[in-house]
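Work through the exercises below with the sequence and the model in view. Try each task before reading its solution.

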Amino acid sequence: MKIDVNSPTVSLLSVDAGAKKVSTGGVTSTQSATQDRTTFHSDKLSVQSLTSQAMNSPEIRQDKVDALRQSVKSGEYQVSSTKTADAIVNSKDV
């Protein structure tokens, strides 16, 4: 996975600390409405830390590749032709 650390998208991220009421859909007057609240912090230090972690991660997870290779070699990994065909048909890269 490649991350562009100079991407202008990072500066476009905003923090939303507001609360919004969720529709109660027929809740009686004795019950209170539930509030959902979400926040996203995109301070420079957090973004740099996450970017650093991503950049230091191996592009190929060799342990996963080796485990899959061993499963295929031993005959434990069975490929479904239907699932393969569906994945090809539904691929957005076609």
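**Exercise 1: A patch on helix α3**

Task: In which helix is Val72 found, and which residues form a nonpolar patch on the surface?

Solution. Val72 is found in helix α3; helices (H or I, at least four residues) and strands (E, at least two) are DSSP runs, numbered from the N terminus. This is a predicted model, in which local features need pLDDT of at least 70, side-chain atom pairs count only at pLDDT 80 or more, and totals for chains, interfaces and linings use all residues. Residues are numbered from 1 along each chain as its sequence is written, and side-chain values use heavy atoms, with hydrogens and water left out.

Next, take exposure. Val72 is partly exposed, at a relative accessible area of 49% (buried means under 20%, exposed over 50%, partly exposed in between, with a 1.4 Å probe and protein chains only). The nonpolar patch consists of Leu68, Val72, Tyr77 and Val79, which together have about 390 Å² of accessible area. Patch members have over 30% relative accessible area and no salt bridge; nonpolar side chains (Val, Leu, Ile, Met, Phe, Trp, Tyr) are joined within 5 Å, like charges within 9 Å.

**Exercise 2: The salt bridge**

Task: Which residue forms a salt bridge with Arg69, and where do both residues lie?

Solution. The structure holds one salt bridge, defined as a side-chain nitrogen of Lys or Arg within 4 Å of a carboxyl oxygen of Asp or Glu. Arg69 pairs with Asp66, and their closest N and O atoms are 3.4 Å apart. Both residues lie in helix α3 (residues 62-74), three residues apart, about one turn of the helix. Arg69 is partly exposed at 48% relative accessible area, and Asp66 is partly exposed at 37%.

**Exercise 3: Thr51**

Task: Is Thr51 buried or exposed, and which backbone oxygen does its side chain reach?

Solution. Thr51 lies in helix α2 (residues 44-56). Its relative accessible area is 14%, so Thr51 is buried. The Thr51 side chain reaches the backbone oxygen of Val47 at 2.7 Å.

**Exercise 4: The whole chain and its confidence**

Task: What pattern does the protein chain follow along the sequence, and where is confidence lowest?

Solution. The chain has four helices and two strands, in the pattern α-β-β-α-α-α. Buried residues make up 4% of its 94 residues.

For confidence, use pLDDT, the predictor's confidence in each residue, from 0 to 100. The chain averages 75, and 64% of the residues score at least 70. Confidence is lowest in strand β1 (residues 19-21), with a mean of 46, and highest in α3, at 94. Over residues 10-23, pLDDT stays under 50. Where pLDDT is low, the predicted coordinates should not be read in detail.

How values were computed: Areas by Shrake-Rupley, 256 points an atom, 1.4 Å probe, with all protein chains shown as cover. Polar contact = N/O pair within 3.5 Å; in protein donor to acceptor, adjacent residues only side chain to side chain. Contact = heavy atoms within 4.5 Å.
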